[in-house]
Structures are given as structure tokens and as C-alpha cells.
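Let's take a walk through this structure together. Keep the view open beside the text as you read.

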Amino acid sequence: MDATAEQPRAAVVGGGVAGLTAATFLARAGIDTVVVGGAESILRRNAHLENVPGFPAGVNPRLFADLLKRGAERNGCLFEDGTVTELAPIEGGFQLRVEPDTEAPGDGNARTLVADYVVAASWSDPEYLRALDAVGLVDRGSKTYVEIDDDGRTGMDGLYAAGRIAGKAHQTVVCAGHGADVAVTLVEDSELPFYHDWVAPEGYFTDRGREVPPGCEEIDAAERRRRERESMAVMTEAFETPHPDEPTTHPSLSEDREGT
Ligand SMILES: Cc1cc2nc3c(=O)[nH]c(=O)nc-3n(C[C@H](O)[C@H](O)[C@H](O)COP(=O)(O)OP(=O)(O)OC[C@H]3O[C@@H](n4cnc5c(N)ncnc54)[C@H](O)[C@@H]3O)c2cc1C
């Protein structure tokens, strides 16, 4: 990536609930967005997710996580597998070191990414931030959290934190909402025009003699129906069969089961 490119670029560290939601909002605002992190969201340990709005009988959490990723992809986010092990400020942005997650010999070297903005959504790993004096880390028991202001900014310009790693409560919707909130902060801090991200019916603004605001869209009835049919097809296919994956267990339990 080139931090000097005209379109702002963001790297979101962590492809879990907060990271994928933040990334979707950033990409929809016109920010070139890459999500780094192929490892599992903690959500994949859940048995059945019952407190997410819009799912009256709950939803398989692994399906929900897959759908979050599909949403980020559809909105133009790119994905890099691996673990971020270092984050260094450079002129006008950041450089990230990404280590491959594979242990297979010769299966890839560390890579470097460059971004204008970074969102740390990497529960529960803040280690790549430890060398940054301007970023506050707070140890609480066995966990470490990143200090942020009310809007998700860390002590370093251009670096934000979202979700559990930022000390938010341990629920999916809280962390998703925080990812969205922090992304809106980032967009507002950037040079991009003010952003609403609304899809409105044709005429909603223009019939009142108003311009369609930046980030908003008006669509006619035919387009509205087309999008509805597409959404029905995507969701019908997603819910057609039970999800194939079992819940991931707690790492300490899998170690016990492996006899380690
Ligand atoms: C057993 C269990 C059941 C749960 N049940 C519910 C429930 O019923 N309802 C509910 O609302 N919530 C539930 N939760 C909580 C919910 O899953 C979390 O609150 C939510 O996933 C937190 O979102 P997050 O994005 O902060 O973290 P995550 O979703 O865990 O995402 C963090 C991501 O960052 C990645 N990452 C970490 N370090 C790095 C790094 N250095 N580089 C790159 N990537 C990195 C991780 O691999 C992960 O993909 C449950 C959790 C567990 C464990």
C-alpha cells in the first residue's frame, strides 16, 4: 500500500466483530480498507447467539461471523491473513509488520503494509502497540486494554481502537456498534466530506429541493426491488443448511484435550 495515495488508506487489525464492522463503514465511506488477521474471532466459541437485533430466534454465531465478513468483502474491503506484530509511525501514516499465521516451513515471510490510518480491533493482543509511548495500555488481571478517548482515538494521531481491546463490554452488538462508531470518528477526522451512509428512496432529498448529501444515495423503486431480491437470495442461501463448523473451544480446554 502507498500511504501517499490520494484515497485515504486504513488498515484494520483484527477481522472479528468490531474490526469487520469498522472496515465495512470505512470502505463504504470511500476509504481504501484492508483487514489484517486471519485468526478466529472469539465469537466462534459461542454456542448460539441470541442477543443480536434482527434475529428473533437467535443465529448461529459462525454464520453471523461469516456474514460480517461477506458484508465487508461486498463493500470492497481487502483481506490479509496473518498477525500484526509491529506497528511503527512513518511520515503521514503507519507501517505494519504482518507475520504469516502458518507454521508450515517456507510458507511465506513477514510482509509490510503501509496505511494512513489504523484501527486496532485485535482482541486480545495489544503487543504490537507496546513500543508506542503515546498509546496507553492498561493491564487488568490477565488482560490488557488500549486507552481511548470517548470517540475511539488513541493517544497517537491516526491510530484508533475498537471493540473489546478498547475496553468495551463483552457482547457482539456492543463491539460491532463500537467498531462502527470508531469508523465514523476516523472518517470525520479525515479529509473526506461529511458522511451519513444512508440509502433513501428516490426523491427523499431531491423532491425537497435538496442535494443528496455526501455518502447518501437515492434509489428508485426498481433498484430497491432489485436489491431486496438480491438480499433475499443471499440470506436464503446462507440459512439453507446448518453451519458446518462446531464451536471452537477455549484454548486451555483444547490444550487439556491434546494432553499438553
Ligand atoms: C464462549 C463465548 C460465548 C459468547 N457468547 C456471546 C453471546 O451469546 N452474545 C454476545 O453478544 N456475545 C457473546 N460473546 C462475546 C463476543 O464474541 C465478543 O464480545 C466479540 O466477539 C468481541 O468482538 P471483538 O471484535 O472485540 O473481538 P473478536 O471478535 O475476538 O475479534 C478480534 C480479532 O482480532 C484478531 N487478532 C488478535 N490479535 C491480532 C493481531 N495481532 N493481528 C491480527 N489480528 C489479530 C483475532 O484473531 C480476532 O479475529 C461470547 C464469547 C465467548 C468466548
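**Two helices, a ligand and two backbone details**

In this predicted model, a good place to begin is the pairing of helix α1 (residues 17–28) with helix α2 (residues 61–74), which pack at an angle of about 20 degrees with their axes 9 Å apart. Angles under 35 degrees count as roughly parallel, so α1 is roughly parallel to α2. Their crossing is left-handed. On the α1 side, the contact is made by Val-17, Leu-20, Thr-21, Ala-23, Thr-24 and Ala-27, while α2 brings Leu-68, Lys-69, Gly-71 and Ala-72. Sorted by character, the residues of this contact are six nonpolar, three polar and one charged.

Next, turn to the ligand. It is surrounded by 34 residues, and the closest are Gly-14, Gly-16, Gly-37, Ala-39 and Gly-163. Helix α1 appears again here: along with β4 (83–90) and α3 (172–189), α1 gives two or more residues to the shell around the ligand. That shell divides into 15 nonpolar, 14 polar and five charged residues.

Two spots in the loops deserve a look at the backbone. In the loop between β7 (117–120) and β8 (137–140) you will find Ser-124. The peptide bond leading from Trp-123 to Ser-124 is cis, with omega near 5 degrees.

The other spot is Asp-197, in the loop between α3 and β11 (199–201). Asp-197 is not a glycine, yet its phi is positive, at about 55 degrees. Is Asp-197 buried, exposed or partly exposed? With 16 other C-beta atoms within 10 Å, Asp-197 is partly exposed, because that class lies between 12 or fewer for exposed and 20 or more for buried.

Note on methods:
Residues are numbered from 1 along each chain as its sequence is written. This is a predicted model: local features need pLDDT of at least 70, side-chain atom pairs count only at pLDDT 80 or more; totals for chains, interfaces and linings use all residues. Axes are lines fitted to C-alpha atoms, for helices over the stretch in contact, and angles run from 0 to 180 degrees between N-to-C directions. Helices (H or I, at least four residues) and strands (E, at least two) are DSSP runs, numbered from the N terminus. Angles under 35 degrees count as roughly parallel, over 145 as roughly antiparallel, 65 to 115 as roughly perpendicular and the rest as oblique. A crossing is left-handed if the near helix is turned anticlockwise from the far one by less than a right angle, and right-handed if clockwise. Two residues are in contact if their C-beta atoms, placed from the backbone, lie within 7 Å. Ala, Val, Leu, Ile, Met, Phe, Trp, Tyr, Cys and Pro count as nonpolar, Asp, Glu, Lys and Arg as charged, and the others, Gly among them, as polar. A residue is near a molecule or strand if its C-beta atom, placed from the backbone, lies within 6 Å of it.
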